[in-house]
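I opened a new notebook page for this structure. My plan is to look up a few things one at a time and write down what I find.

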Amino acid sequence: MSQREWIEKDFYKELGVSSSASQDEIKKAYRKLARDNHPDSNPGNATAEAKFKAVSEANAVLSDPAKRKEYDEARSLFASGGFGRGGFSPGGGTNFGGGGSAGGFDVGDLFGGGAGGADLGDIFGGLFNRGGQSRTSAASRPRKGSDLTADVTLSFRDAATGTSVPLSITSPSSCTTCHGSGAKPGTSPRVCPRCNGSGVVSRNQGAFGFSEPCDDCRGTGSIIDDPCADCRGTGVQNRTRSVTVRVPAGVADGQRVRVAGRGEAGLRGAGAGDLLVTVHVTPDRVFGRSGDDLTLVIPVSYSELVLGTTLSVPTLDGRVGLKVPAGTADGRTFRVKGRGIAKKSTTGDLLVTVKVAVPSELDDAAREALEHYAEAERAGGFDPRAGWPGA
């Protein structure tokens with residue numbers, strides 16, 4: 001397939017998404033189509049195999065933001081008439097030689113970032129590895145596996161202190177029979193003699209040279225004469241595996257934990273993608289959180305605030321004593337150093353707010369004592385609304 005044919009392909013249509021689709025929408029569409037059309041799920045189905053290859057090719061470009069940008073720019077140039085069906089369609093006479101007329105078209109400008117502002121040499125260089133760089137195609141480079149996503153739900157305290165979570169994941173993984181090479185055990189892939197392992201071949205079309213994926217090795221740069229029977233030469237199998245995810249202390253609700261190399265396996269022994277685990281944290285009945293600080297509200301009596309007391313306060317790893325001085329105002333917050341969330345480099349504090357609990361009922365003795373106190377309070381000249389603007 002030539003570069004022009006590649007550019008004219010509608011990868012968005014292959015994945016069934018719009019050209020403005022987000023990266024998450026592209027990933028979800030690809031994963032569904034790849035799963036539905038995978039050769040392992042459709043043995044002997046040539047249509048499904050072709051669709052699987054088409055969506056994989058589309059995903060290889062659209063899942064990479066840089067390649068997607070170059071692809072969109074190149075398609076825009078084709079759509080605007082920058083290239084005609086015969087190769088190029090400049091508005092005036094075509095100038096391939098010296099001199100050149102005023103209405104001529106300078107190919108050097110087109111591929112060298114001329115007045116049009118678009119450097120097609122850079123665009124094609126990004127998509128097809130041209131522009132003076134190695135002619136090794138993107139397909140011939142090791143194709144890293146896609147990232148996988150998973151969700152876990154943790155208690156507030158496990159999220160605060162850190163924990164390990166076992167996950168069971170079903171996904172494309174390296175074939176255990178051929179160890180990801182795609183070749184039958186005891187054999188190895190050989191370098192493609194036609195492209196010398198580059199994965200691309202060059203062809204001349206008039207005044208221009210084009211590179212396209214090698215037909216013999218399908219752009220991989222290697223040929224498997226005796227494919228592995230279990231993975232059919234892909235080096236990948238769908239299997240269920242257990243992964244233990246270490247969730248660090250202090251992870252917040254909605255935060256993602258990346259586990260390198262535990263995603264989908266790459267084709268033919270290429271590196272695996274990553275596993276992205278989204279953590280959901282359930283609320284706690286006692287503690288709240290403000291950054292790395294823990295918060296809690298502790299009920300106290302009026303007399304404890306007036307006379308002072310020492311409170312036994314819970315923490316993540318036991319209890320501590322908190323001295324409340326006499327005359328403490330309701331709603332005051334005390335800071336207990338170093339009793340918050342402990343991370344590698346920092347440790348938060350525990351913020352304790354005291355809140356008066358008012359009894360809903362009083363027995364006769366308590367009521368009589370409180371009335372005597374109120375009288376003594378008034379006699380002593382205490383007015384809780386003194387200086388209050390609404391008095």
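**Entry 1: the three-stranded sheet**

I began with a strand pair: strand 1 and strand 9 (residues 275-281) run parallel and are joined by seven bridges. The model is a predicted one, and I keep that in mind throughout. I picked out one bridge: Leu148 has Leu275 in strand 9 as its partner.

Which sheet holds this pair? I found an open sheet of three strands, in the order 1-9-8, with mixed pairing. Strand 1 (148-154) and strand 8 (256-259) are its edges; each has a single partner strand, so one side of each lacks a neighbour in the sheet. I looked up the turn between neighbouring strands here: 25° on average, direction ignored.

**Entry 2: the four-stranded sheet**

Next I went to another sheet. It is open, has four strands and mixed pairing, and its order is 10-11-15-14. Which strands stand at the edges? They are strand 10 (288-290) and strand 14 (333-336); each pairs with a single strand, so one side of each has no neighbour in the sheet. From one strand to the next, the twist averages 30°.

I then checked the pair in the middle of that order. Strand 11 (residues 293-300) and strand 15 (residues 350-356) are parallel, with seven bridges between them. Leu294 faces Leu350 in strand 15.

I added a reminder for myself: strands in a sheet pair through backbone hydrogen bonds, in a parallel or antiparallel sense.

**Entry 3: the listed cysteines**

I turned to the UniProt record. Its unreviewed entry lists Cys192, Cys195, Cys214 and Cys217 under "binding site". They span 26 residues in sequence, but no two of their C-alpha atoms are more than 9.0 Å apart, so the four gather at one spot.

I took Cys195 as one of them. Cys195 sits in the loop between strand 3 (190-191) and strand 4 (200-205). Is Cys195 buried or exposed? Its relative accessibility is 6%, so Cys195 counts as buried. Leaving out residues up to four places away in sequence, I noted Val200, Val201, Cys214, Cys217 and Gly221 as its contacts.

Cys217 came next. I located it in the loop between strand 5 (208-213) and strand 6 (222-223). Cys217 is buried too, at a relative accessible area of 5%. With residues up to four places away in sequence set aside, Cys217 touches Cys192, Cys195, Gly199, Ser222 and Ile223.

**Entry 4: the search for disulfides**

How many disulfides are in the whole structure? My search gave zero. I looked at Cys195 again: the closest cysteine sulfur belongs to Cys192, 3.7 Å away, which is too far for a bond because a disulfide needs the two sulfur atoms within 2.5 Å.

I also checked Cys175. Its sulfur has that of Cys178 as the closest cysteine sulfur, at 3.7 Å, again too far for a bond. Cys175 is buried, with 1% relative accessibility.

**Entry 5: the whole chain**

Last, I stepped back. I counted ten helices and 15 strands in the protein chain. Of its 391 residues, 36% count as buried. Among contacts with a separation of 6 or more, 62% come from residues 24 or more positions apart. The chain exposes about 22100 Å², and carbon and sulfur atoms supply 50% of that.

Key: Residues are numbered from 1 along each chain as its sequence is written. This is a predicted model: local features need pLDDT of at least 70, side-chain atom pairs count only at pLDDT 80 or more; totals for chains, interfaces and linings use all residues. Side-chain values use heavy atoms; hydrogens and water are left out. UniProt positions are given in the numbering used here, feature names are shortened, and annotations may be inferred rather than shown by experiment. Helices (H or I, at least four residues) and strands (E, at least two) are DSSP runs, numbered from the N terminus. Buried means under 20% relative accessible area, exposed over 50%, partly exposed in between (1.4 Å probe, protein chains only). Contact means heavy atoms within 4.5 Å. Accessible areas come from the Shrake-Rupley method with a 1.4 Å probe; for residues, only the protein chains shown count as cover. Two strands pair if DSSP finds at least two bridges between them. Axes are lines fitted to C-alpha atoms, for helices over the stretch in contact, and angles run from 0 to 180 degrees between N-to-C directions.
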